[in-house]
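User: Hello! I'd like to walk through a model with you, one question at a time. Could you reason each answer out for me?

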Amino acid sequence: MRVGIGHDTHRLEAGRPLLLGGVRVEHPRGLAGHSDADVVLHAVTDALLGAAGLGDIGDAYPDDDPRWRGADSALFLKETLARLNRDGWRVVNVDVIVFAQEPKLGPVKAAVRANLARLLGLPPDAVNVKAKTGERVGHIGRGEAMACQAVALIERDRPTIRNEEYF
Ligand code: MG
């Protein structure tokens, strides 16, 4: 088994759609970035890449590559999942914390969880989505940005080995 961590931050800007975990959330402002700036999908993708020892999302999908301008970030997650699967890895579970002062994410969490589970091919209880405000301090609390943290556990079958074999 392997564990990976992911973190991402994006600025909020007027006139952009707000996408969280591939779910469109009604809000006067959305996240700014080269792709669709889905902070949740970026953090989860980074957690998976980290667990598999495959670097980070910036290595895999550079933000100066015109191919990814306005890209649906579900592509990054699905392609990363396929890379892991090709190497024999499957995802066990994912846990996510979204940091946003507004809007209130309570009503949105279930939809984000369901969509992440769908994208990852996991049962809903293997994906958890939590939300925190910024307590009105810092860049999150002032509503200037949203952030996301994610952890992912992955596993693959391998022959039983003993540590002594490395001595
Ligand atoms: Mg990002």
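User: Thanks. To begin, are D8 and H42 buried or exposed?

Analyst: Happy to help, and please keep in mind that this is a predicted model. A residue counts as buried when its relative accessible area is under 20%. D8 and H42 both fall in that class. So the word for D8 and H42 is buried.

User: Which residues coordinate the magnesium ion?

Analyst: The donor atoms sit at 2.1 to 2.2 Å from the magnesium ion. In sequence, the spacing of the donor residues reads D-x1-H-x31-H. With their atoms, the residues are D8 (OD), H10 (NE2) and H42 (ND1).

User: How many residues apart in sequence are the parts that D8 and H42 tie together?

Analyst: D8 belongs to the magnesium site, as does H42. D8 is in strand β1, while H42 is in helix α1 (residues 39-51), so the pair links parts of the chain whose separation in sequence is 34 residues.

User: Which elements each supply at least two residues of the lining of the largest pocket?

Analyst: The largest pocket has a volume of about 220 Å³. Its lining includes the metal-binding residues D8, H10 and H42, and among the others are I57, G58, W68 and F76. By class, the lining holds five nonpolar, five polar and two charged residues. The elements that each give at least two lining residues are β1 (2-14) and α2 (57-60).

User: And the largest cavity: how many nonpolar, polar and charged residues are in its lining?

Analyst: The structure holds one cavity of 30 Å³ or more, and the space in the largest cavity is about 40 Å³. Its lining is made up of L20, V40, V98, L105, V108, K109, V112, V129 and A131, with α4 (109-120) and β6 (127-132) each supplying at least two residues. Lysine counts as charged, whereas valine, leucine and alanine count as nonpolar. The tally for this lining is eight nonpolar, no polar and one charged.

User: Why is helix α1 described as largely enclosed by the rest of the structure?

Analyst: Helix α1 has 13 residues, and its first and last C-alpha atoms are 18 Å apart, close to the 18 Å expected at 1.5 Å a residue. Its buried residues include V39, V40, L41, H42 and A51. The helix is largely enclosed because the number of its 13 residues that are buried is 12.

User: How large an arc around the axis do the buried residues of α3 cover?

Analyst: Helix α3 (residues 74-86) also has 13 residues, and the 18 Å between its end C-alpha atoms agrees with the span it should have. The buried residues of α3 are A74, F76, L77, T80, L81 and L84. They lie on the same side of α3, because the arc they cover is only 160°.

User: Which peptide bond is cis?

Analyst: Most peptide bonds are trans. Here, an omega near -5° marks a cis bond. P103, one of its two residues, sits in the loop between β5 (90-99) and α4. The cis bond runs from E102 to P103.

User: A37 has a positive phi; is it buried or exposed?

Analyst: Most residues other than glycine have a negative phi. A37 has phi near 65°, and its place is the loop between β4 (29-31) and α1. Its relative accessibility is 0%, so A37 counts as buried.

User: What about R136, buried or exposed?

Analyst: R136 also has a positive phi, about 60°, although it is not a glycine. It is in the loop between β6 and α5 (138-141). With 57% relative accessibility, R136 counts as exposed.

User: What separates the C-alpha atoms of P66 and S35?

Analyst: P66 is in the loop between α2 and α3, and with a relative accessible area of 65% it is exposed. S35 is one of the residues lining the largest pocket. P66 and S35 are 31 residues apart along the chain, and their C-alpha atoms are separated by 9.5 Å.

User: Last one: what separates the C-alpha atoms of V91 and A126?

Analyst: V91 is part of strand β5, and at 12% relative accessibility it counts as buried. Along the chain, V91 and A126 are 35 residues apart, and the separation of their C-alpha atoms is 9.1 Å.

Technical notes: Residues are numbered from 1 along each chain as its sequence is written. This is a predicted model: local features need pLDDT of at least 70, side-chain atom pairs count only at pLDDT 80 or more; totals for chains, interfaces and linings use all residues. Side-chain values use heavy atoms; hydrogens and water are left out. On a 1 Å grid over the protein atoms alone, a cavity is a set of points where a 1.4 Å probe fits but cannot get out, and a pocket is an open set with protein on both sides within 12 Å along at least five of seven lines; lining residues have an atom within 4 Å of a point. Grid points are joined across faces, edges and corners, and a volume is the space filled by probe spheres set on the points. Helices (H or I, at least four residues) and strands (E, at least two) are DSSP runs, numbered from the N terminus. Donors are N, O and S atoms within 2.8 Å of the metal (3.2 Å for Na, K and Ca); water is not among the atoms, so sites may look incomplete. Buried means under 20% relative accessible area, exposed over 50%, partly exposed in between (1.4 Å probe, protein chains only). The expected span of a helix is 1.5 Å times one less than its number of residues. The arc is that of the directions from the helix axis to the C-beta atoms.
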